[in-house]
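Visitor: Hi, I've got a structure open and could use a quick tour. Can we start with a pair of residues?
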Amino acid sequence: MKTIVSSLTALAVFGSSLMVSSVATAEMSYNVGYVSEYYYRGFLQKNSSASAGADYESGGFYAGVWSADVGEGLEVDGYFGYGADIGDLSVSVGFTGYYYTGSFDDTYEEINTNFGYGPVSLEYSAGSYDGSFCEDTICQDYSFTALSADLGSGFAATYGSFGQDAAGAYFELGYGTTVSDIDIGVSVIFPDDDIATEDGEALVLSIGKSF
């Protein structure tokens, strides 16, 4: 799973642990990236993962597709939505679907809302899961809330938590910069006991480029 670029800020990039950027002023943009560990919303997806995507933007409308290697096939995400500025407040609403070509996972589909004011942004997403992963606990519907802050000088932080039929939370601190048109970054992820792997905390290195 990958957080969509609908936040239209670097905070969304940090939040996904994928330093893959898009050019907001271009109608069409493309991106490629690589991470030492693919984490999404505090969950480890795969050690060492490459990704690629394409984004379209026209006015406040955006749409895109993004794919990453998850070992047992590919994750393929599709998303679209609309964003606008209302005074100093930025608002966007959209849809994201997470699909898999192999047996790694099953389908997630969710409605995403994002609000930004100055260096702070808030995401609330409500989704449904169509698969067998949560059969024992009838885990079908979930929500996700994340508060992110641009700390300046390339640093950003995110706290995210799950609700409804899902549980878990994490904190992420990241740093990113651009060198010769190449985006590079590092982030530290602290998942709680509900979503932590055996290794617990994680250090993620990332590199990406947009076209």
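Guide: Sure. Keep in mind that this is a predicted model. Start with Tyr98 and Tyr108: Tyr98 is buried, and Tyr108 is buried as well.

Visitor: How many aromatic pairs does the structure hold?
Guide: Twelve aromatic pairs. Tyr98 and Tyr108 form an edge-to-face one, with 6.4 Å from centre to centre and 85° between the planes.

Visitor: Which strands do Tyr98 and Tyr108 sit in?
Guide: Tyr98 is in strand 5, residues 89-100. Tyr108 is in strand 6, residues 107-117. The two are ten residues apart.

Visitor: What about Phe155 and Tyr175, how is that pair arranged?
Guide: That aromatic pair is tilted. The centres are 4.8 Å apart, and the planes make 50°. Phe155 lies in strand 9 and Tyr175 in strand 10, so the pair ties together parts 20 residues apart in sequence.

Visitor: Why does Phe155 count as partly exposed?
Guide: Because its relative accessible area is 39%, and partly exposed runs between the 20% and 50% cut-offs. Tyr175 is partly exposed too, at 30% relative accessibility.

Visitor: Which residues do ring pairs link into a cluster?
Guide: Tyr40, Tyr98, Tyr108, Tyr129 and Tyr142.

Visitor: New topic. Where is Ala167?
Guide: Ala167 is in the loop between strand 9 (155-164) and strand 10 (169-179). Ala167 counts as partly exposed, with 48% relative accessibility.

Visitor: What is Ala167 in contact with, leaving aside neighbours within four places in sequence?
Guide: Phe162, Asp194 and Ile195. As for Tyr142, its C-alpha atom is 8.6 Å from that of Ala167, and the two residues are 25 apart along the chain.

Visitor: Now the surface. Which residues form the nonpolar patch?
Guide: Met28, Tyr30, Val32, Tyr56, Phe61, Phe80, Tyr82 and Phe211. Together they have about 780 Å² of accessible area.

Visitor: Which strand gives the largest share of the patch?
Guide: Strand 1, with three residues. Strand 1 (28-40) and strand 4 (74-86) each supply at least two. Phe80 is in strand 4, and Phe80 is partly exposed at 44% relative accessible area.

Visitor: Let's zoom out. How many helices and strands does the chain have?
Guide: One helix and twelve strands. The order from the N terminus starts with α, and β follows from there on.

Visitor: How much of the chain counts as buried?
Guide: 45% of the 211 residues. The accessible surface of the chain is about 10,100 Å², and 60% of that belongs to carbon and sulfur atoms.

Note on methods
Residues numbered from 1 in each chain as written. Predicted model: local features only at pLDDT ≥ 70, side-chain atom pairs only at ≥ 80, totals over all residues. Heavy atoms only, no water. Patch = residues over 30% accessible without salt bridge, like charges linked within 9 Å, V, L, I, M, F, W, Y side chains within 5 Å. Areas by Shrake-Rupley, 256 points an atom, 1.4 Å probe, with all protein chains shown as cover. Salt bridge = Lys/Arg side-chain N within 4 Å of Asp/Glu carboxyl O. Helix = DSSP H or I, 4+ residues; strand = E, 2+ residues; numbered from the N terminus. Buried < 20%, exposed > 50% of the residue type's maximum accessible area, 1.4 Å probe, protein only. Contact = heavy atoms within 4.5 Å. Phe/Tyr/Trp six-rings, centres within 6.5 Å; stacked < 30°, edge-to-face > 60°.
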